[in-house]
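Work through the two exercises below with the structure open beside you. Try each task before reading its solution.

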Amino acid sequence: MSIEKVEVPFGAASMFLETGMLAKQADGAVTVQLGGTIVLATACVSKEVREGIDFFPLTVEYQEKTYAAGRIPGGFFKREGRPSESEILISRLIDRPIRPLFPDGFRNDVQVVAIVLSSDGENDPDVLAAIGASAALSISPIPFPGPVGACRVARINDEFILNPTYAQREASVLDLMVIGTRDKVIMIEGESKGLAEHIILEGLKFGHKHLQAAIDVQEDLVKRAGKPKMSFEKKTVSDKLVQSIRSVYFGRIKQMCSIASKEQREEAGHILYTEIAQKFCVEKEEEKFCDTDIKAALDKIEQEEVRRMILEDKKRVDGRGIEDIRQIICEIGVLPRTHGSGLFTRGQTQSLAVTTLGTRADEQMIEALEGKSYKKFMLHYSFPPFSVGEVKPMRGPGRREIGHGALAEKSLKPVMPTTDEFPYTVRVVSEILESNGSSSMATVCASSLSLMDAGVPIKEPVAGVALGLVKEGSRHVVLSDIAGLEDHFGDMDFKVAGTRRGITSIQLDLKIDGIGFDIIEETLSRAYKGRIFVLDKMTAVIAGPKQELSEYAPRIINLKINQERIGDLIGPGGKNIRKIIELTGVAIDVEDDGSVLVASNDSEATTRAIEMIKGLTEDAEVGKIYRGKVKRIMNFGAFVEILPNKEGLVHISELADKYVKSVEEVVKIGDEITVKVIEIDELGRVNLSKKQAEQK
């Protein structure tokens with residue numbers, strides 16, 4: 001196999017795609033390089049179809065190797081272990097746009113693996129991994145009708161930037177990933193600092209225009225190294241079975257599709273399925289179908305009826321209008337001992353969000369290819385099986401839970417206070433207690449309520465809404481606030497979160513091969529109306545953050561000391577700071593700039609710790625009165641310790657208003673006396689007065 005290499009200008013640098021050198025036994029293997037960042041993407045397909053499978057078994061794995069950045073992994077084992085949250089999110093980012101493009105009925109196992117081989121610390125490998133996955137599939141025998149292009153869009157100084165570096169992303173008010181085909185957008189993932197809908201739309205158009213270069217270079221590579229596409233047996237639902245079920249049971253199926261309650265509809269569906277299974281599996285042995293065949297046929301008829309109702313009757317399963325939002329109930333303070341809590345219920349979707357405030361010691365350390373960083377705001381999403389009335393094992397968070405939590409975290413991050421404004425580490429946990437569509441957007445709303453209940457000074461409340469689509473040919477209907485069945489049978493899940501001013505996060509997933517900007521513009525406009533409706537419901541319960549923290553939350557006081565005195569506070573081997581912590585029970589964090597954070601639930605302990613810190617780090621101040629201890633007595637006066645390791649002299653003439661013959665007449669070693677600083681000379685020597693301190 002010959003080595004083929006193609007090049008295309010892509011943003012500020014050229015992008016190179018190469019095949020034929022690495023991983024030659026994979027069905028498709030491509031390296032993608034931008035600057036010093038290189039990603040190897042491979043695609044493999046099984047030769048046989050697993051028996052009884054009724055879905056497309058696609059798996060996507062993205063891995064970052066620490067050697068790519070010239071580092072050795074931390075920890076005991078010194079090798080990469082389970083995927084990080086970032087790797088899982090990028091795996092989902094690759095999976096979501098390619099999955100809907102595979103032909104219906106294709107059931108062979110397909111695995112896409114993307115490995116970061118080199119990282120220059122400037123160019124993010126996630127865009128390259130998405131392009132590489134598309135390229136590997138396109139040159140392979142796998143029946144993938146690509147390629148697709150991908151790019152990232154930033155906005156700095158009111159200008160869009162293609163494929164920004166890490167540094168540019170830090171300065172940007174927009175971080176938008178766009179993936180699409182020649183004429184359609186198929187996936188969107190992004191966050192912004194409250195940009196208006198029309199700016200987001202411009203960014204999407206900018207991104208779609210420039211991702212064409214990634215499609216061009218892949219098509220060039222396919223011409224040079226592409227393999228013939230494999231043939232496969234298309235697994236489809238039996239038309240004969242569908243017609244047989246429709247002819248007998250269509251009336252009951254239609255009636256079932258009009259049941260608003262999720263539980264009642266599912267119960268009716270279970271009863272109907274049981275009857276159909278008995279009829280076709282028992283009564284007609286010569287035409288016996290398996291359970292999966294019957295479920296697929298029943299599902300197809302139900303899908304056709306639900307979509308017909310929406311397209312032709314403009315009627316939804318639960319009786320709502322196309323733009324209607326389900327009933328919303330908001331509550332705060334539902335848990336008495338937590339730092340903050342919010343309960344958001346929308347129809348049959350319910351999120352309980354709980355906020356916990358911590359200190360700097362609670363920050364999350366993240367080791368990534370671009371370096372080590374710390375997170376002071378975390379949002380975690382939990383989806384227990386009882387939320388949908390199911391019995392399943394409860395283990396660690398799955399990819400979906402990690403993805404939904406990351407989306408909600410993006411939605412709220414732009415409104416979170418800075419460390420100077422609020423020196424706490426903040427963790428929010430969303431427990432999904434019921435789910436019937438758009439639990440991630442319910443998480444955004446509940447979390448916003450919870451943060452305000454906890455007294456976190458967020459800039460504005462944030463709400464989110466998910467929109468769906470039913471599209472047949474030239475006809476389409478956009479649905480506001482989709483329920484579970486509309487998500488299942490529909491073509492789109494478009495989530496938009498934001499404030500009254502603008503969008504903070506956006507995410508698009510499709511089941512079709514893309515949508516045009518006319519539908520995107522309509523969806524963004526509808527999302528704005530829905531978001532304002534939800535925000536009105538939320539602010540009717542709590543308009544802004546509470547002014548007081550919960551009595552159970554730690555109090556953090558931010559002090560500022562001279563940077564040169566940090567060593568005095570810490571002491572040799574940490575002796576001084578450990579002593580303060582042991583005596584008071586507070587938590588203390590010291591920053592390099594001289595900021596000192598003191599945290600405790602006990603106000604008296606906090607006050608005592610602050611006094612001890614000031615004593616160790618403050619300099620004597622002329623005119624200030626101190627309580628000190630007599631350390632030494634000389635003929636001419638007494639030396640008094642007014643601050644730790646800081647003594648001053650009370651001259652015999654400053655001990656009392658009368659004549660003093662001997663120092664011992666007034667003070668003795670160990671006495672605690674009140675003194676006033678009357679002078680600090682050019683050598684830093686402190687002169688004190690007892691008599692002036694005692695004068696009224």
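**Exercise 1.** Which backbone nitrogen lies 3.1 Å from a polar atom of the side chain of S140? Once you have found it, describe the surroundings of S140.

*Solution.* Keep in mind throughout that this is a predicted model.

Step 1. The backbone nitrogen in question belongs to I142, and it lies 3.1 Å from a polar atom of the S140 side chain.

Step 2. A polar atom of the side chain of S140 also lies 2.8 Å from a backbone oxygen, which is that of L137.

Step 3. Locate S140 along the chain: S140 sits in the loop that runs between the helix α2 (125–139) and the strand β7 (149–156).

Step 4. Decide whether S140 is buried or exposed. Because buried means under 20% relative accessible area, and the value for S140 is 0%, S140 is buried.

Step 5. Look beyond the neighbours within four places in sequence, and you will find S140 in contact with D27, G28, K227 and K229.

**Exercise 2.** Describe the open sheet that contains β7, and find which strands stand at its edges.

*Solution.*

Step 1. The sheet is formed by 8 strands with antiparallel pairing, in the order β8-β7-β9-β10-β21-β20-β18-β19.

Step 2. At the edges stand β8 (159–162) and β19 (475–480), each of which has a single partner strand, so one side of each is left without a neighbour in the sheet. From one strand to the next, the twist averages 20 degrees.

Step 3. Examine one pair in detail: β18 (residues 463–472) and β20 (residues 492–498) pair in the antiparallel sense over 7 bridges, and the bridge partner of L467 in β20 is F494.

Step 4. Finally, place the helix: α2 lies across β7 and β9 (174–180), and runs at about 155 degrees to β7.

Technical notes
Residues numbered from 1 in each chain as written. Predicted model: local features only at pLDDT ≥ 70, side-chain atom pairs only at ≥ 80, totals over all residues. Heavy atoms only, no water. Buried < 20%, exposed > 50% of the residue type's maximum accessible area, 1.4 Å probe, protein only. Polar contact = N/O pair within 3.5 Å; in protein donor to acceptor, adjacent residues only side chain to side chain. Contact = heavy atoms within 4.5 Å. Pairing = 2+ DSSP bridges. Helix = DSSP H or I, 4+ residues; strand = E, 2+ residues; numbered from the N terminus. Axes fitted to C-alpha atoms, helices over the stretch in contact; angles between N-to-C directions.
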